[in-house]
Amino acid sequence: MTLPSHNPRSLGAWRKLDKHFQQLKNTTISQLFELEESRLERFSVNWEDFYLDFSKNRCSQKTIELLIELANESELGKAMDDYFSGKSINVTENRAVLHTALRKINKDPIYIEGKNILTRVESRKEKMFNLSEKILNGKWRGYTGKPVETIVNIGIGGSDLGPAFVYEALEFYRQRLKIRFLSNVDGDHSQEVLKDLDPATTLFVVVSKTFTTQETLTNAVTVRDWFRKSAPRSAVAKHFIAVSTNVAACQAFGIHPQNILPMDDWVGGRFSLWSTVGISICLAIGPENFDLLLKGAGLMDEHFKEASFDKNIPVLLALISIWYNSFWHAESEAIIPYSQYLRNLPTYLQQSFMESNGKAIDRNGNQVDYQTGPIIWGGSGTNSQHAFFQLIHQGTKLIPADFISFKHSLHSMKDHHQKLLANFIAQTQALMQGKSLEVVKRELEVSGYERHWIERLSPYKVFEGNRPTNTILIERLTPKTLGSLIAMYEHKIFVKGILWNIFSFDQWGVELGKQLASKVLSDIQGHTSENHDSSTRELIRRIK
Ligand code: F6P
């Protein structure tokens with residue numbers, strides 16, 4: 001066992017936190033501001049282009065101290081060393097977890113089975129960059145001699161969500177190629193993606209770490225059949241490339257060996273956008289920008305490794321999240337980017353957080369007796385304000401939220417940006433401060449309401465407040481800052497997994513559904529007749 005494995009509830013700091021929770025639970029965030037003089041200074045971090053303000057949380061300085069004690073008792077530092085140095089911390093799959101090697105800033109070697117993997121990382125990246133440049137500058141020609149205009153990324157899960165999110169987020173930096181994403185096995189998706197496409201100017205990128213995923217292979221075959229209707233068999237080599245660890249399966253599918261970009265099994269699917277899986281991103285924004293994305297992530301890795309825990313952005317975010325989840329029993333966390341470009345950040349993070357920390361067996365093989373990964377959800381501000389914010393402000397649930405925005409906009413729309421940021425700031429203020437019954441009544445009086453109506457209406461207009469948020473204000477949306485932001489969340493996931501004593505890097509929970517789907521499919525196709533429960537049997541009968 002490489003990773004330390006402590007039941008967090010058995011640690012002294014956990015017991016202290018339990019007690020501390022009882023003492024703190026009736027103190028509001030606003031009161032904490034009054035009680036703690038240097039609160040903002042202690043509860044903010046300036047790092048590179050990032051400013052994190054975590055002062056609007058139900059945490060006192062004591063809370064943070066105890067949470068850091070918990071991190072130390074959990075041997076987080078040792079776990080971080082194991083993570084970065086390539087130990088097999090993905091124990092149940094017997095693998096290292098090394099997406100950080102793909103963006104490593106210092107080139108000190110990392111050895112796996114006696115070989116420095118950084119040499120391979122560089123050569124894989126070089127191949128991806130060369131291929132991308134050839135396609136981008138029009139030297140790569142399709143079967144009719146025309147250059148490529150559209151890329152279709154065929155993949156699902158990590159082979160789709162990361163590239164799709166970053167493509168959309170960096171739309172401003174997009175060069176000449178358009179990228180479409182095909183993921184769902186629903187035939188409606190493939191038909192919509194293929195609609196209006198010119199096979200002569202389209203390049204298909206089949207991305208699958210395993211090259212066994214039903215959805216991706218079904219879509220790849222459909223697309224290849226569609227392509228072959230108008231192009232000769234030999235044209236496939238000019239229009240299909242693949243990314244996978246399973247090179248033999250790519251070849252068997254008909255991908256030309258030169259068009260296969262291998263990847264390594266120590267890159268988890270949901271952390272793979274930094275690898276050759278990111279080729280669609282690279283094709284969209286160009287190798288130089290892709291390098292900046294890597295650089296941003298690499299810088300966050302350094303910060304995570306080196307900063308003391310009380311000024312360490314991913315560590316602090318993780319500790320605060322554990323505090324709400326395990327002590328306040330918050331069941332979800334919201335991610336609210338005040339940026340249209342980042343509108344799909346919550347969707348992207350859902351996979352990385354929930355596939356990683358949606359676990360109930362600890363690293364010793366025992367059922368946990370505490371809460372682990374929360375539900376991650378959210379949406380872009382300001383749209384979310386007009387959608388689900390009602391519940392965050394006045395509902396019965398405690399929903400800690402991350403508010404993320406950029407100081408400068410990418411377009412010179414000053415008026416829009418000031419309004420966007422005004423909302424961004426005001427919402428966290430409103431969530432913290434709330435509005436008391438007294439204030440509500442006074443406002444209604446001033447507006448000239450009659451007494452009986454003031455009495456009737458006031459309770460509905462009260463805001464309890466004391467709703468926690470983190471504010472992450474970044475200078476500007478660039479490939480580099482986006483890289484740092486994504487890496488920040490990756491490390492938050494890691495820290496939480498370590499402290500909860502679970503394995504964050506496997507995903508056995510997706511397997512049962514896959515197994516049963518293949519049995520149900522066999523039944524639907526009439527090949528077998530399994531002994532299903534009556535509900536399942538009837539559903540199959542109805543669609544047969
Ligand atoms: O089913 C879950 C999963 O294994 C994810 O972890 C992964 O990102 C996705 O499927 C796609 O897998 P692949 O890249 O092997 O097609």
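Modeller: A cavity is a set of grid points where a 1.4 Å probe fits but cannot get out. In this predicted model, the largest cavity has a volume of about 120 Å³.

Biologist: Which residues line the largest cavity closest to its centre?

Modeller: The lining has 13 residues, and closest to the centre are Leu-102, Val-121, Arg-124, Ser-275 and Thr-276. Helix H6, residues 117-136, gives the most to this lining, with four residues.

Biologist: How many cavities does a search of the whole structure find?

Modeller: Five cavities of 30 Å³ or more turn up in the whole structure.

Biologist: What makes Arg-124 a charged residue of that lining, and Leu-102 a nonpolar one?

Modeller: Arg is on the list of charged types and Leu is on the nonpolar list, so Arg-124 counts as charged and Leu-102 as nonpolar. By class, the lining of the largest cavity has eight nonpolar, two polar and three charged residues.

Biologist: Why is the space of about 980 Å³ called a pocket?

Modeller: A pocket is an open set of points with protein on both sides within 12 Å along at least five of seven lines, and the space of about 980 Å³ is listed as the largest pocket, so it is taken as open. Of the 39 residues in its lining, the closest to the centre are Thr-213, Gln-507, Val-510, Glu-511 and Lys-514.

Biologist: Which helices each supply at least two residues of that lining?

Modeller: Helix H9 (214-230), helix H15 (345-357) and helix H21 (511-524) do. H21 gives the most, with six residues. By class, the lining of the largest pocket has 13 nonpolar, 17 polar and nine charged residues.

Biologist: How do you know that the ligand sits in the largest pocket?

Modeller: The test is that more than half of a molecule's atoms lie within 2 Å of the pocket's grid points; the ligand is found to sit in the largest pocket, so it passes.

Biologist: What surrounds the ligand?

Modeller: There are 14 residues around the ligand, and the closest are Gly-158, Ser-159, Ser-208, Thr-210 and Thr-213. By class, this shell has two nonpolar, nine polar and three charged residues.

Biologist: Why is the pair formed by Thr-213 and the ligand called a polar contact?

Modeller: The cut-off for a pair of N or O atoms is 3.5 Å, and a polar side-chain atom of Thr-213 lies 2.5 Å from an oxygen atom of the ligand, so the pair counts. Ser-208 has a polar side-chain atom 2.6 Å from a ligand oxygen, and for Glu-355 the distance from such an atom to a ligand oxygen is 2.7 Å. Both values lie within 3.5 Å, so these pairs are polar contacts too.

Biologist: How much of the ligand does the protein bury?

Modeller: Taken alone, the ligand exposes 390 Å², and the protein buries 88% of that.

Biologist: What is the make-up of the second largest pocket's lining, by class?

Modeller: That lining has seven nonpolar, 10 polar and no charged residues. The second largest pocket holds about 350 Å³ of space. Its lining has 17 residues, and Ser-339, Gln-340, Ser-409, His-417 and Leu-420 lie nearest the centre. Helix H17, residues 414-433, gives the most to that lining, with three residues.

Biologist: What is the form of the peptide bond from Gly-381 to Thr-382?

Modeller: That bond is cis, with omega near 5 degrees. Thr-382 lies in the loop between strand E11 (375-378) and helix H16 (389-394).

How values were computed
Residues numbered from 1 in each chain as written. Predicted model: local features only at pLDDT ≥ 70, side-chain atom pairs only at ≥ 80, totals over all residues. Heavy atoms only, no water. 1 Å grid on protein atoms, 1.4 Å probe; cavity = no way out; pocket = protein on both sides within 12 Å on 5 of 7 lines; lining within 4 Å. Points joined across faces, edges and corners; volume = space filled by probe spheres on them. Near = heavy atom within 4 Å. Polar contact = N/O pair within 3.5 Å; in protein donor to acceptor, adjacent residues only side chain to side chain. Areas by Shrake-Rupley, 256 points an atom, 1.4 Å probe, with all protein chains shown as cover.
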